[in-house]
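Biologist: I would like a close look at one part of this model, with its neighbours described in turn.

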Amino acid sequence: MKYFLDSAKLDEIKIAYEQYGFDGVTTNPKHIMNSGKSFKQAITDIAEYVADKPDFPVSVEINPHLETAGEMEKMAKEISSISSNFVIKIPTNKQGVIAARRLEQQGVRTNMTLVFSPAQSIMPGKLHAKYVSPFVGWKEDYGDDGLDYVKDIVDIYHKYDFDTEIIVAAIRTASQLQQAAIDGADIVTCALSVYETSFTNPYTDLGLKTFQDAWDNTKQD
Ligand code: E4P
């Protein structure tokens with residue numbers, strides 16, 4: 001299972017790669033805004049950092065205002081030419097499907113994003129998108145079940161042998177992360193803080209304290 005960092009902040013990307021050995025990065029317009037840089041500067045800085053890391057993909061989203069497949073295709077190609085690590089996030093809608101299909105045929109890798117149902121996940125698999133991104137947290141924010149549909153997408157992809165990798169996105173808790181793993185997601189993407197919480201447990205701290213007390217009450221020579 002692969003861990004992607006969901007952020008456009010270079011300091012966090014460095015921690016993810018150098019400290020934890022994570023497998024890639026996903027960004028979106030919100031993350032770019034939160035990096036405090038311009039779109040161009042943020043993606044140029046990331047491209048520079050990953051230039052010697054060929055197995056570290058970075059998803060970058062096109063301008064969300066684009067409406068036609070032609071416009072999406074054009075911008076995707078421009079972004080993709082900046083770094084061979086870049087995978088282009090395309091919205092999963094009618095024009096996005098058309099654009100992503102053309103891009104994949106031309107060797108531009110795509111991440112079909114904003115997927116909210118198993119039905120919506122099928123075209124990304126059929127057109128051989130590199131990734132498909134169901135957004136668990138957003139569904140749960142609105143009271144929908146966020147994880148049953150991940151299981152259904154995993155089942156469909158296995159049944160039809162789709163080679164598209166499933167990124168379970170918008171994960172906000174360790175519990176969602178663990179459920180995505182149980183359900184067979186290829187990849188999860190979330191904030192550094194969610195991963196760091198998932199590495200820890202209060203019982204581990206309690207256990208450590210118990211062992212520290214035992215250590216302190218034992219002769220060490
Ligand atoms: C995934 O690719 C998206 O960038 C992401 O998970 C969005 O979720 P958020 O609302 O938690 O930032």
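How many bridges join strand β6 to β7, and do these strands run parallel or antiparallel?

Modeller: Two bridges join β6 to β7, and the strands run parallel. This is a predicted model, in which local features need pLDDT of at least 70 and side-chain atom pairs count only at pLDDT 80 or more, while totals for chains, interfaces and linings use all residues. Residues are numbered from 1 along each chain as its sequence is written. Strands (E, at least two residues) and helices (H or I, at least four) are DSSP runs numbered from the N terminus, and two strands pair if DSSP finds at least two bridges between them.

Strand β6 covers residues 131-134. Y131 and S133 lie on one side of β6, V132 and P134 on the other, and all of them are buried (20 or more other C-beta atoms, placed from the backbone, within 10 Å of the residue's own). In a regular strand the side chains alternate between the two faces of the sheet. Y131 has E165 of β7 as its bridge partner.

On another edge, β6 pairs with strand β5 (residues 110-115) in the parallel sense over three bridges, and V132 is the bridge partner of M112. From β5 the chain passes through helix α6 (residues 118-126) to β6 in a right-handed β-α-β crossover (clockwise from the first strand over the helix to the second, with the strands pointing away from the viewer).

Beyond β6, strand β7 (residues 165-171) is parallel to β8 and joined to it by three bridges; I171 stands opposite C190. Helix α9 (residues 174-183) completes a right-handed β-α-β unit with β7 and β8. Strand β8 (residues 187-190) has I187 and T189 pointing one way and V188 and C190 the other, and these residues are all buried. Strand β1 (residues 2-6) also pairs with β8, in the parallel sense over four bridges, with K2 opposite I187.

These strands also supply residues to the ligand shell. S133, A169, A170 and T189 are among the residues that surround the ligand, as are D6 and T113 (C-beta atom, placed from the backbone, within 6 Å of the ligand). By class, the shell has two nonpolar, six polar and two charged residues.

Helix α11 (residues 202-216) presents another picture: its end C-alpha atoms are 21 Å apart, in agreement with the 21 Å expected for 15 residues at 1.5 Å a residue. The count of buried residues in α11 is zero, whereas 39% of the 221 residues of the chain count as buried.

Methods
A residue is buried if 20 or more other C-beta atoms lie within 10 Å of its own, exposed if 12 or fewer, and partly exposed in between; C-beta atoms are placed from the backbone. The expected span of a helix is 1.5 Å times one less than its number of residues. Ala, Val, Leu, Ile, Met, Phe, Trp, Tyr, Cys and Pro count as nonpolar, Asp, Glu, Lys and Arg as charged, and the others, Gly among them, as polar.
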